[in-house]
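User: I am new to reading protein models and would like to work through one slowly. Could we take it a question at a time?

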Amino acid sequence: GAADHAMEHGCARPPVAIVTVNYNGRPFIGEFLRSVAALDYPAVRLIVVDCASRDGSPDLIARRAPWAVLLRCADNLGFTGGSNLGIRWALARGFPYILFLNNDTTFSPDLVSVLVARAGPRTLVVPRVLLHGTELMDDTVGEFDLRRGVWRNWVFGRPCPPELSCQREVAMASLCCLLAPASVFRHVGLLDERLFMYYEDFDFILRARSAGYRLWYVPTATVYHRKSASSGGGETPFKVYYATRNRVALVRRHGSRAGFVRFTLDFTVTRLLRTAQYVGTGRRDLAAALLRGWLDAYRGCMGRTFLPPTAPDAGPGVGHADRH
């Protein structure tokens, strides 16, 4: 198709589809749209997937960005389902590159140009992500230890360390901002909607790297991120549930069988301790969410299985679990 043609002939300015998921993003979506409108890359198309927002932000987006494609969902599909709608739209129209980009970010005009310059048919690219209003690192690149189900070498809330001040290959990244060639979705599939949100980024990147794709970090491209703006910020039952459940699912899916047994033993101890901490600080809601997520993981209850009655925090705006 058009995507393959663009890749094979090395178009200097291959078209890029920017996919963002919106859920009640009214407080910050205006800044995001201004950043997109100011991009110096001529061949971009913004696809906004709105997951049943109740704050009027879809109409605001339609007014402020009539040039964007706005896909309105009647239900909250989560980060995975929302992103996949946008990806399918872009793939159907032959875009050779798709850029995941959180709607609670701002960035310089050269973001896409810098990322595309490093990208390729088998290369995914991520920028340096800083916390909004600071020069401190967000936790968007690092490593994941499948044996223990834990993160390694993730920098959060600190200035950029020397090892992240230069361009290099990395093992893992979030989907806060990630440029991917269209071919990767045909080879390894889209985001796994059984995860709904949290750890879907790790799952996708592990699948891509297993298929021979490389992941490059380019610090000359910078994004500023309002951490967890769409999902309420801080710890909520929603986040605790999905982060617990999906962490187990990730290790089971990508690790060894023996490794999963060892992980289960360690995880059981640490989760019981964390549950006791929650109860001790009066957060029985978090304790209940953790235990439910833990049990659902081992029972194989996947998909959108947990929504609080009022769901104020059930937003798909963050594509990865908090790592600090």
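User: Is Asp-296 buried, partly exposed or exposed, and what is its relative accessible area?

Analyst: This is a predicted model, in which local features need pLDDT of at least 70 and side-chain atom pairs count only at pLDDT 80 or more, while totals for chains, interfaces and linings use all residues. Residues are numbered from 1 along each chain as its sequence is written, and side-chain values use heavy atoms, with hydrogens and water left out. A residue is called buried under 20% relative accessible area, exposed over 50% and partly exposed in between, using a 1.4 Å probe and protein chains only. Asp-296 therefore counts as buried, with a relative accessible area of 4%.

User: Which residue forms a salt bridge with Asp-296?

Analyst: A salt bridge here is a side-chain nitrogen of Lys or Arg within 4 Å of a carboxyl oxygen of Asp or Glu. The partner lies three residues away in helix α10 (residues 284-299), which separates the two by about one helical turn, and helices are DSSP runs of H or I with at least four residues, strands being E runs of at least two, numbered from the N terminus. The partner is exposed, with a relative accessible area of 58%. With the closest N and O atoms 2.4 Å apart, the residue is Arg-299.

User: Which residues are joined into one network by salt bridges that share partners?

Analyst: By the same rule for salt bridges, the count comes to 15. Salt bridges with shared partners link one network, whose members are Asp-192, Arg-194, Asp-203, Arg-207 and Arg-253.

User: How many residues apart in sequence are the parts that Arg-214 and Glu-169 tie together?

Analyst: Arg-214 and Glu-169 form a salt bridge, their closest N and O atoms being 2.8 Å apart. Arg-214 counts as partly exposed at 39% relative accessibility, and Glu-169 also counts as partly exposed, at 34%. Because Arg-214 lies in strand β12 (residues 214-225) and Glu-169 in strand β9 (residues 168-169), the pair ties together parts whose separation in sequence is 45 residues.

User: How many of the 11 residues of helix α7 are buried?

Analyst: Helix α7 covers residues 200-210 and is largely enclosed by the rest of the structure. Its buried residues include Phe-202, Phe-204, Ile-205 and Leu-206, and charged names such as Glu-200 and Arg-207 are listed with them. For the chain as a whole, buried residues make up 58% of the 324 residues. In α7 itself, the number of buried residues is nine.

User: Are α8 and α9 roughly parallel or roughly antiparallel?

Analyst: Two packed helices are described by the angle between their axes and the distance between the axes. Axes are lines fitted to C-alpha atoms, for helices over the stretch in contact, and angles run from 0 to 180 degrees between N-to-C directions. The axes of α8 (residues 237-254) and α9 (residues 257-280) come within 11 Å and cross at roughly 170 degrees. Since angles under 35 degrees count as roughly parallel, over 145 as roughly antiparallel, 65 to 115 as roughly perpendicular and the rest as oblique, α8 and α9 are roughly antiparallel.

User: Which residues of α9 meet α8?

Analyst: A contact means heavy atoms within 4.5 Å. From α8, the residues taking part are Val-240, Thr-244, Arg-247, Val-248, Val-251 and Arg-252. On the side of α9, the residues are Phe-260, Phe-263, Phe-267, Arg-271 and Tyr-278.
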